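Student: I want each term tied to its cut-off. Can we go through this model that way?

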There are 2 protein chains.
Amino acid sequence: MALPNGPVTTSSEAEAVLFDLVDVYDRAFEAAAAELSLSPAQACVLGRLDERRGMGALAEELGCDASNITQIVVRLEALGLVAREPNPRDRRARLVARTPRGDEVNHRFATAFTFARTAVGRLSPDEQDQLTALLRKALG
Amino acid sequence: MALPNGPVTTSSEAEAVLFDLVDVYDRAFEAAAAELSLSPAQACVLGRLDERRGMGALAEELGCDASNITQIVVRLEALGLVAREPNPRDRRARLVARTPRGDEVNHRFATAFTFARTAVGRLSPDEQDQLTALLRKALG
DNA sequence: CTTCTTTACTTGAGTGAATCAAGGATCATT
DNA sequence: AATGATCCTTGATTCACTCAAGTAAAGAAG
């Protein structure tokens, strides 16, 4: 389990609840990944492969070094969840795609990670809209 | 930067905003720690030492193995931000406390980590209360 | 007071994430 | 044909994290 990102001493209830939310969310994500013997990073990458794409695109979207993606994809490939194919348009590049097993594991992960779904489900449709509006405003 | 914990394909706007929030929060925490040359885990532990306490208490609160805490504290100690003292009541145990420099760095970290404060600050007091209530309900 | 168990922490080994520096291959331009 | 940029991989290093094992001391039981 990764250590929680906080709290710094919180000066308001809202901040404290925000921290709680982030903490619970992160732990739920990690737990769901662990159920499938995946690291959070592996689950993250696997979840972004609904369409075949290049390593560089992944790195840019995830905001990390390309070599980091290489490592994670290598491990996913070793697990048989992902395959790298040459890019016919550019022989430097490689396209990553989920294998059928990768699709299945990703689907099971989406089922296991119930936190966001469950949390939102505790709210009425009206409340969901309110929450969305408030968080959008808070995010600036 | 740690990879974001999501998204799994989101089925509602509220879920998507929730993910955004968590992602931005985590990145802001990491960035604030990096400003002070700390890892997120180091900033986390440092922030929990407002009062002197034992290694085991930290491990339990943070939900990780005691040996993990040992390592992090060793590094914080090497940075001069934390000190371990023998526990006079129990010679097996050691008490960890921030040094004056640790206090200062922790304070600077709290200043640098503006995300939660800023986000909440974008809302009126009424809205803050609404958000708190909605998140509490969502957290179950 | 000895033995046994439990508690508190450390050490060592191993995995994985992340970053940086450097390099090979290919593309794109001139 | 040469130059430079781009895409990715490799290697080295640091840190987080976990597990297994070990030391030392506390606590309980005989």
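Student: What makes the pair between Asp65(B) and DNA strand D a polar contact?

Tutor: A backbone N or O atom of Asp65(B) lies 3.4 Å from a phosphate oxygen of DNA strand D. A polar contact is a pair of N or O atoms within 3.5 Å; within protein, one must be able to donate a hydrogen and the other to accept it, and residues adjacent in sequence count only if both atoms are side-chain atoms. So 3.4 Å qualifies.

Student: What are the ground rules here?

Tutor: This is a predicted model, where local features need pLDDT of at least 70 and side-chain atom pairs pLDDT 80 or more, while totals for chains, interfaces and linings use all residues. Residues are numbered from 1 along each chain as its sequence is written, chains are lettered from A and ligands numbered from 1 in the order written, and side-chain values use heavy atoms, without hydrogens and water.

Student: Which base atom of DNA strand D does the side chain of Ser67(B) contact?

Tutor: A base nitrogen, 2.6 Å from a side-chain N or O atom of Ser67(B). For Arg92(A), the side chain has an N or O atom 2.5 Å from a base oxygen.

Student: What makes a residue near DNA strand D?

Tutor: One of its heavy atoms must lie within 4 Å of the strand. There are 26 residues around DNA strand D, and Arg92(A) is among those that come nearest.

Student: How do you know that E2(B) and E3(B) pair?

Tutor: Pairing needs at least two bridges found by DSSP. Strand E2 (residues 82-87) of chain B and E3(B) have six, in the antiparallel sense. Therefore they pair. One bridge joins Val82(B) to Arg98(B).

Terms used: Helix = DSSP H or I, 4+ residues; strand = E, 2+ residues; numbered from the N terminus.
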